[in-house]
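Trainee: I am new to this structure. Please show me how to read it.

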Amino acid sequence: MTQPLLEIEGLRKDFPVRRGLLGRTLGTVRAVDGVDLSVRRGECLALVGESGSGKTTVARCALRLVEPTAGSVRFDGEDLLALGTRELRRRRRRFQMVFQDPYGSLNPRQRIGSAVGEPLEVHESALSRAARAERVRELLGTVGLPPEMTARWPHELSGGQRQRVGIARALAAGPELLVADEPVTALDVSIRGQILSLLEDLRQRLGLALLLIAHDMAAVERLADRVAVMYLGRIVEVAPRSALFSRPLHPYTVSLLSAVPRPEPGRRRSRIVLGGEPPSPLAPPPGCPFHPRCPIARPRCSEETPPLAGEDHLAACFYAGEMTAPGGNLSGARA
Amino acid sequence: MALLEIDGLEVAFPAAGGWVPAVRGVSLSIGRGEIVGLVGESGSGKSLTALSVLQLLPPRARVAGSIRLEARPGEETSDLLAAPEREIRRVRGRRIGIVFQEPSTALDPVWPVGFQVAEAVRAHRKLSRREAREEVVRLLDLVALADARRRLDDYPHQLSGGQRQRVLIAMALAAGPDLLLADEPTTALDVTIQAQILELLESLRTGLGLSVLLITHDLAVVAETCDRMAVMHAGRIVEEGKVEDVFRAPSHPYTRQLLAAVPRLGGLPS
């Protein structure tokens, strides 16, 4: 197998918990606890999980927007954590981020043309003004916006248009990997499909690899080649898309898929409702992090932490595959 | 009559050159113990419809039509739209509770949650501090907030989104209303927590005979939770019926479009 484009190993991130004026450190929150992940060239890997599961922190560590506490991050074989600031900046053109909030991520006083052109000034400073303007129009075309947009202000644009601008900015440097953190969550349902199509299309046309952070399982099913599920800072399951949706092995994945509401009246009785809430990462439970809510937990689960095991379809559960959703197949019921 | 009957509701706002209609002749009824879904996209008028019921619209809005709430024994049924402030205040909370979307902003960050629920309790009933505290525990147990007694002195930031939403539902239930208006109550929550809150609403319906008007943009939530549904588009109800019927055979083109746009798992061949 060829070398992955992005390879994360044993990633850990602790955040200090401070209190009071002097900022005394009270303890640490382990937001990410030993994550291994890889993204191949041209592949879309979706990282899913609920609020606080650590998926955004993994993405930020992968781009070195925050410094990991331990572990390694390799991009195209090169250790990103060993790079100095200047080298890192040069490398950054190869991996870019699309943010969740298209309202907050654009400067309200910067015209669209200038916003999209800015990364070019940084990464391709040799470009003449005219050539840059031409590239900006091209980039806007790539994301499905007309060239007249260059003169517009962010407030004149809809949420969907702004997110297209955000994507154009990320593409400006000509990256090989795009990290998209909840790219459609802030958008209206009818617009989400369009932005997902755009990402799908860009991936095919430009051969981009995509690390998609999401909690919307329907979006994930549409875009991802492989899916990794996070719970409380750990990866609990990784599998090719169809395997994950048709035969989830980890009880958390089974419950998560079952909790997604379906537009099918009469299904309501077959929903699995998990008790409780994800535990606080400040005081993670011993053993398997999911055991306090797990419907099939046994004594062993509160004593030992199950490793992520398997060949192509990995799950971190001693009893992987034992729990199935009532009503059988979670996906493709109508297929 | 049904518990609540909205008839020919019109809401308009002043704009340059005249009035902009936002709700245009909405009629809808909610029976006792019924969960009715009001669905539509942003700006369709679904929230305004709910706010009209409790006279919570901005004062510049122009409202017409009638909204009748079935009276309790010994009381008189009157039109809520025409009710004077003094009368509508007796309806708010006591007959009709309301829960909003954003559980993180609907609570006051500087007061413990137990105090805030107690405030809702004492606004409607004369209880001593101690009695009120016990009532708060009962309400928080009712909405299945884990460890209710221990959470009374917690501040909102110490609770998760799902727990805050439970506290808000407890506040809405403080005066024992017959009807709960729930405006996108699960939109800000994760799916496993959303499933819990929807389950809670159903159990309140079964346990207390509560009626619920569930306002949402999510047709899948309606499919799983509601008995009847009404679809709003541009200020009008374009379709109404039993949930099963609407999903099986939507009659209005807009409903069909909306149903087609619902993201569903298993939409791709695997």
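Mentor: We take a helix pair, then a core.

Mentor: This is a predicted model: local features need pLDDT of at least 70, side-chain atom pairs count only at pLDDT 80 or more, and totals for chains, interfaces and linings use all residues. Residues are numbered from 1 along each chain as its sequence is written, while chains are lettered from A and ligands numbered from 1 in the order written.

Trainee: At what angle do helix α9 of chain A and helix α7 of chain B pack?

Mentor: Two packed helices are described by the angle between their axes and the distance between the axes. Here α9(A) (residues 251–259) and α7(B) (residues 191–208) pack at about 55 degrees, with axes 8 Å apart. Helices are DSSP runs (H or I, at least four residues), numbered from the N terminus. Axes are lines fitted to C-alpha atoms over the stretch in contact, and angles run from 0 to 180 degrees between N-to-C directions.

Trainee: Which residues of α9(A) and α7(B) meet?

Mentor: S255(A), L256(A) and A259(A) meet V191(B), T192(B) and A195(B); contact means C-beta atoms, placed from the backbone, within 7 Å. The residues of this contact divide into four nonpolar, two polar and no charged. Nonpolar means Ala, Val, Leu, Ile, Met, Phe, Trp, Tyr, Cys and Pro; charged means Asp, Glu, Lys and Arg; the others, Gly among them, are polar.

Trainee: Which residues are buried in α3(A)?

Mentor: In α3(A) (residues 112–123), I112(A), G113(A), A115(A), V116(A), G117(A), P119(A) and L120(A) are buried. Buried means 20 or more other C-beta atoms within 10 Å of a residue's own. Their cover includes α4 (129–142) and α5 (159–172) of chain A.

Trainee: What is A46(A) in contact with?

Mentor: Leaving aside neighbours within four places in sequence, A46(A) is in contact with L212(A), A214(A), V220(A), L223(A), A224(A) and V227(A).

Terms used
Helices (H or I, at least four residues) and strands (E, at least two) are DSSP runs, numbered from the N terminus. Two residues are in contact if their C-beta atoms, placed from the backbone, lie within 7 Å. A residue is buried if 20 or more other C-beta atoms lie within 10 Å of its own, exposed if 12 or fewer, and partly exposed in between; C-beta atoms are placed from the backbone.
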